[in-house]
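The exercises below are to be worked with the sequence and the coordinates side by side. Each one sets a task and then follows a solution step by step.

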Amino acid sequence: MTFYKTRKDLLYLAIFALVIVAMPLWLKPFGAGYPDLMQRFMIFGVFAIGFNILFGMTGYLSFGHAAFLGAGSYAAVWSFKLLSLNPIPALLFAMVVGGVFAALVGVVSLRRSGIYFSILTLAFAQMSYSLAYSVLMPITHGDSGLQLANTDPRVLDRLFGADGTLPNLFGLSMHGMYGFYFCALILLACFYFSMRLDNSPFGMALRAIKSNQTRMSYTGFNTKPYARTAFIISGMYAGLAGGMLAVTDPLAGAERMQWTASGEVVLMTILGGAGTLLGPFIGAVIIKYFENIFSAFSDAKLNEIFAFLPDGLQDFIVMIVSPFVGEGWHLTLGIMFMLIVIFLPGGIMEGCRRVMKNLRRRSSEHPTRRSQLKPAE
Amino acid sequence: MDWLILQFLNGLDKGGAYALIALGLTLVFGTLGVVNFAHGALFMIGAFCAVVFSRLVRLETVTVDPERLSPWGTPLEVRTPVVELWLGDFGTFLVQYSVPLAILLAIPVMLLIGWAMERGLIRHFYKRTHAEQILVTFGLAIVLQEIVKASFGANAIPVYAPPAVSSSLNLSASLGIGTDIFYPWWRLIYLGSALLIIGLVIAFLQFTTYGMVIRAGMEDRQTVGFLGINIQKRFTVVFGIAAVVAGVAGVLYSPIVSPNYHLGMDFLVLSFVVVVVGGMGSIPGAVLAGFLLGIVESFASMAAVTRVLPAIDQVILYVVAIIVLLTLPRGLMGRKGVMEG
Amino acid sequence: MNFRNVDRRRFLKTTAIAGAGLAMPTIFTSASRAQEFCNMPTGGSVTFGFSVPLSGPYGDEGADQLRGYELAVQHLNGEGDGGMLNTFKGSVLKGNGVLGKKVEFVSGDSQALADAGRATSNRMIERDGAIMVTGSVSSAEAIAVQSLCSDKGIIYMAGLTHSNDTTGKDKRRNGFRHFFNAYMSGQALAPVIVDAYGADRRAYHITADYNWGWSQEESIVEATESLGWETAERVLTPLGTSDYSQWLTPVANSGADVLVLNHYGNDMANALTQAVQFGLRERQANGKNFEIVVPMFSDLNAQAAGDAVKDILGTANWMWKLEDEGTQAFVRSFGQAYGHPPSQSAHTGYVQALLYANACERAGTFNPEGVVEALEDFEFDGLGDGPTLYRGGDHQCFKQVLVVKGNEDPEDRFDIQDVFQVVDSEQILYEDDKWGGELGPIRSQC
């Protein structure tokens with residue numbers, strides 16, 4: 001059984017890896033095949049996959065995960081400034097900071113559940129945001145963000161004589177395509193880890209907490225350490241994602257910690273399908289795609305696209321479409337949220353499953369197949 | 001002494017605003033079990049009712065005067081307000097009192113929007129998870145505010161209190177204090193209206209049969225249903241009331257904060273903190289928490305306090321929320337088992 | 001967890017596929033190596049990138065800035081009436097595009113935030129091949145995008161950004177700012193308010209708690225104190241506050257007789273409206289009329305504050321009511337195109353686009369190395385700000401600053417302020433190393 005499962009998992013992973021690695025090719029026709037956006041897909045994918053471990057598997061809805069992302073970003077930039085421009089120590093440091101911060105917040109917040117838990121995490125995140133903007137200025141540089149400077153100490157780089165002004169993996173620039181593949185590797189590792197976690201007894205315990213915590217505790221099972229560990233793991237994912245943001249683009253700003261950023265990851269996860277492995281990543285890709293591509297259409301661009309139509313019709317179509325793109329990209333996003341939740345409660349993954357089921361049923365209606373149908377168990 | 005009274009007034013005023021927004025939210029939650037992230041958007045729409053009304057009464061005719069030129073060389077457009085022209089003194093009254101009169105516009109508009117929201121959307125989400133309710137109402141909030149943005153722009157639009165009450169009142173004589181204590185008329189009116197509305201809603205639930213049924217439905221929906229009462233219909237009414245309260249709060253708040261399309265989002269997080277501190281679904285809890293947080297925030301913002309604890313004014317609401325939730329598991333007046341799953 | 005079950009052969013296969021994928025990027029990058037500089041235009045057109053906030057509270061200012069840019073592109077390509085191209089002294093632009101190439105543009109929503117601004121700019125640079133990026137409505141966004149463009153070897157022409165840091169501590173060789181800054185506001189405004197309200201005043205400062213607010217407060221405190229004013233109290237308020245009552249009530253009995261509001265955007269509109277509601281302007285303190293000052297005014301914010309702006313003094317970069325030839329030409333073409341007068345946000349965008357195009361034309365290349373050289377210490381006139389210098393030491397424009405006053409009896413919502421005084425550029429001059437920072441080298445490679 002385990003062998004079979006692992007084999008299926010590995011196949012799943014291999015297909016996923018192939019799709020990710022080929023992204024520059026198949027995203028090009030959608031206008032998204034450039035490094036910066038693909039890096040963002042990877043980074044927010046990691047963030048959402050980590051969030052799913054807490055929300056999707058364990059059932060705790062945190063409204064403060066952006067705080068761990070922000071803390072990870074600051075940690076990574078400080079590692080660049082003080083230690084080295086190499087991303088590896090920066091990411092490790094970011095994960096540690098994200099994890100420790102999550103442990104502290106988790107100890108307090110997990111004493112409550114339901115919406116009371118959500119508001120506690122929200123309160124901690126908003127506090128971090130406000131403080132990062134004002135009194136923590138020496139650490140965060142407030143609204144203009146923490147940046148690299150040529151005068152930074154960079155102890156390790158000086159020691160080994162490494163030079164460069166931007167983050168690089170032993171001379172490999174983390175801007176551009178190398179940055180994307182670096183992020184893609186991390187995403188695959190994170191995806192694999194969450195897959196294994198899902199199949200492990202630990203993952204089983206988390207799902208049990210989600211389905212009925214009271215019953216779990218009646219059986220003498222102490223749920224708190226499990227929930228706490230899940231919280232810390234997802235905090236580390238968030239810290240890692242924050243670190244990756246700093247690796248590909250060495251700037252950390254306080255706005256990453258605001259509640260809207262925490263809300264975004266919730267939306268990503270639900271949109272894609274909470275509790276599924278792939279869903280959160282798909283949600284992250286869709287939201288980032290909208291934010292970056294839909295917002296870029298202007299009326300002039302629309303006129304160009306619909307230029308093949310006759311004049312009157314072209315104007316009409318542009319008039320209809322323009323409120324939904326460019327300045328109005330939020331509107332499209334809002335409508336999409338509503339449609340998906342109304343018609344596909346399980347998110348996009350549920351939609352995929354339904355389509356698959358439909359296809360399967362249609363093929364099973366074939367007379368030769370029908371005879372093979374067995375009664376339901 | 002004067003600072004104490006002034007900050008206390010500020011706290012009450014803020015508290016009134018918080019309580020009024022939180023009231024509808026907790027009402028909807030307590031009766032329908034729905035977490036409504038679009039509640040802030042209802043507040044915002046209320047504020048825009050004031051904008052729309054003041055534009056209606058300032059209706060202008062545009063004529064082109066070819067003799068005079070605009071700064072960019074095209075014939076100048078001359079605008080003449082028509083309402084004052086047609087209606088004389090009554091027109092002037094309409095223009096000056098546009099904000100309080102906008103309530104008359106806001107009530108039917110908000111009832112309609114509330115009814116449509118409940119019938120068209122919220123109803124189908126009673127049995128869904130809170131996460132799904134949040135996502136769908138958040139989507140709705142975005143759609144509503146983008147529609148407002150597309151029609152009114154992103155910039156805030158100033159709305160004015162009636163001239164008779166746009167100045168401030170010297171309270172020193174009535175309080176018997178030597179130093180001057182000035183407080184804006186409109187804020188005092190706002191506080192009074194907030195208390196009145198809160199009182200009306202509580203009285204409606206407490207002293208009418210209709211309200212009693214709703215309260216019974218909050219306690220045990222199934223049993224009330226078994227008694228042959230159409231609880232569904234009453235819940236639509238509850239949603240309408242919540243929408244009207246949010247809308248009227250928005251109208252009254254518009255002279256203090258110029259309405260802009262994301263006003264609702266600015267208040268959303270805060271109103272949730274108030275509701276949760278008060279205890280989800282508890283109306284007296286929301287009112288108490290609103291006033292408590294308002295007063296605490298006002299006193300924490302004083303220069304004497306922030307000198308000792310820098311930036312405490314920015315985080316005090318959250319500090320109070322954390323302390324309350326850690327000492328009282330269900331907020332100030334929350335019921336057991338609600339929203340803990 | 002169980003890692004032993006991983007099939008070795010399968011693992012090898014997966015890594016081989018991943019490895020092949022990793023080798024792919026060299027195919028893409030090898031082509032870009034041939035470029036002389038980043039995004040070198042090869043066809044008959046050149047692409048400008050306009051990164052402005054379209055969503056969020058600064059959406060209207062961003063949209064107006066974008067209108068300015070679109071107008072600039074038309075004029076550069078020889079369409080329309082040419083606007084300030086006809087009055088621009090120091091220009092070698094011919095109205096046939098830039099260096100014979102037709103100007104095209106891409107735009108995106110920066111949300112006035114650092115992260116979103118960088119994401120948008122990255123798209124324009126990496127996907128759309130923008131030769132330069134321009135636009136901003138907040139300093140956080142401007143500083144973030146400026147450092148990004150510098151890292152990517154692209155020129156950045158800042159839009160509306162008022163913080164000292166943009167061309168101070170965070171300046172970059174690839175970044176240029178036409179807009180004025182907080183220090184200039186303080187230097188220009190202080191003598192005017194001291195003259196108007198008397199030299200023995202006590203000021204109470206309420207300031208938005210972030211970088212720009214602090215630098216604005218510091219510059220106005222420094223400038224007024226040197227002219228004899230005292231500072232009664234300095235209070236910080238959280239960014240994005242809507243109700244200011246708890247900070248406004250202590251003002252009245254504090255012994256101060258002037259209130260200075262170091263706020264911008266909706267914060268300014270709300271704080272000012274509420275200060276007026278609290279009756280501060282009708283009060284007497286120390287035997288004098290109580291006054292309110294708003295050091296930095298944006299015309300669109302002033303609209304949001306409405307009647308509260310009446311009689312209030314503040315500074316602005318530019319205003320459509322100026323009488324010079326450049327302003328008139330610009331207002332004429334902007335008004336005819338869009339039906340309302342341009343805001344200062346639109347003006348600075350328009351001017352920056354023209355200045356960049358002109359620098360390319362003068363340098364004879366789009367290469368940032370040539371463009372930076374052509375812009376540094378460039379002197380020009382006729383763009384609505386009088387004689388102007390693009391200082392080479394910090395890439396900041398030095399020109400006149402306007403002191404504006406709220407109009408007592410506005411005719412419409414665009415008539416909300418008047419020019420009270422035009423302050424000469426000599427009065428606002430400072431050393432180019434006043435706030436430290438270094439320009440660093442010119443970057444032109446991706």
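**Exercise 1. Describe the contact between chain C and chain A: how many residues does each chain give, and which elements of chain C take part?**

Solution. The first step is to count the two sides, bearing in mind that the model is a predicted one: chain C contributes 45 residues to the contact and chain A contributes 44 residues. The second step is to ask which elements of chain C supply two or more residues to the side that touches chain A, and these are the helices α1 (8-23), α2 (25-33), α3 (59-76), α4 (114-126) and α5 (139-152), together with the strand β2 (102-109). Within that side of chain C, α4(C) has the largest share, with seven residues. The last step is to sort the residues on the side of chain C that touches chain A by class, which gives 19 nonpolar, 14 polar and twelve charged.

**Exercise 2. State how chain C is divided into domains, and characterise the contact between them.**

Solution. Begin with the bounds: domain 1 of chain C takes in 45-180 + 320-399, while domain 2 of chain C covers 183-316. Next comes the separation, for the C-alpha centres of domain 1 and domain 2 of chain C are 30 Å apart. Where the two meet, twelve residues come from domain 1 of chain C and 13 residues from domain 2 of chain C. On the side of domain 1 of chain C that touches domain 2 of chain C, the classes come to three nonpolar, six polar and three charged residues.

**Exercise 3. For C:Leu99 and C:Gln111, find the sign of phi, then decide whether each residue is buried, partly exposed or exposed.**

Solution. The backbone is taken up first, with this background: most residues other than glycine have a negative phi. C:Leu99 is not a glycine, yet its phi is positive at about 50°, and C:Gln111, likewise not a glycine, has a positive phi of about 55°. Then locate the two residues: C:Leu99 sits in the loop between α3 and β2 of chain C, and C:Gln111 belongs to the loop between β2 and α4 of chain C. Finally apply the cut-off, by which a residue is buried if 20 or more other C-beta atoms lie within 10 Å of its own. C:Leu99 has 15 C-beta neighbours inside 10 Å and therefore counts as partly exposed, whereas C:Gln111 has 26 C-beta neighbours inside 10 Å and therefore counts as buried.

**Exercise 4. Assess the overall fold of chain A, and say where its predicted coordinates call for caution.**

Solution. Start from the secondary structure of chain A, which consists of 19 helices and four strands. The radius of gyration of chain A is 23 Å, close to the 21 Å that the globule rule gives for 377 residues, so chain A is as compact as a globular protein of that length. The C-alpha trace of chain A spans about 75 × 70 × 40 Å along its principal axes, and 54% of the 377 residues in chain A are buried. Of the contacts in chain A with a separation of 6 or more, 77% are between residues 24 or more positions apart.

Confidence is the remaining step: the mean pLDDT of chain A is 87, with 95% of its residues at 70 or more. Over residues 368-377 of chain A, however, pLDDT stays under 50, and the model has five contacts beyond four places in sequence for them. Where pLDDT is low, the predicted coordinates should not be read in detail.

**Exercise 5. Carry out the corresponding description of chain B, and set the record's transmembrane regions beside the model.**

Solution. Chain B holds 15 helices and four strands. Its radius of gyration is 22 Å, which agrees with the value near 20 Å that a compact globule of 341 residues would have. The C-alpha trace of chain B spans about 75 × 55 × 35 Å along its principal axes, and 51% of the 341 residues of chain B count as buried.

The next step turns to UniProt, where an unreviewed entry lists "transmembrane region" for several stretches of chain B, among them 134-161 and 188-214. In the model, residues 134-161 of chain B are 68% helix and 0% strand, with the end C-alpha atoms 35 Å apart. Residues 188-214 of chain B are 96% helix and 0% strand, and their end C-alpha atoms are 32 Å apart.

Technical notes:
Residues are numbered from 1 along each chain as its sequence is written. Chains are lettered from A and ligands numbered from 1 in the order in which they are written. This is a predicted model: local features need pLDDT of at least 70, side-chain atom pairs count only at pLDDT 80 or more; totals for chains, interfaces and linings use all residues. Two residues are in contact if their C-beta atoms, placed from the backbone, lie within 7 Å. Ala, Val, Leu, Ile, Met, Phe, Trp, Tyr, Cys and Pro count as nonpolar, Asp, Glu, Lys and Arg as charged, and the others, Gly among them, as polar. Domain bounds come from an automatic or database domain assignment. The radius of gyration is taken over C-alpha atoms; the globule rule is 2.2 Å times the number of residues to the power 0.38. A residue is buried if 20 or more other C-beta atoms lie within 10 Å of its own, exposed if 12 or fewer, and partly exposed in between; C-beta atoms are placed from the backbone. pLDDT is the predictor's confidence in each residue, from 0 to 100. UniProt positions are given in the numbering used here, feature names are shortened, and annotations may be inferred rather than shown by experiment.
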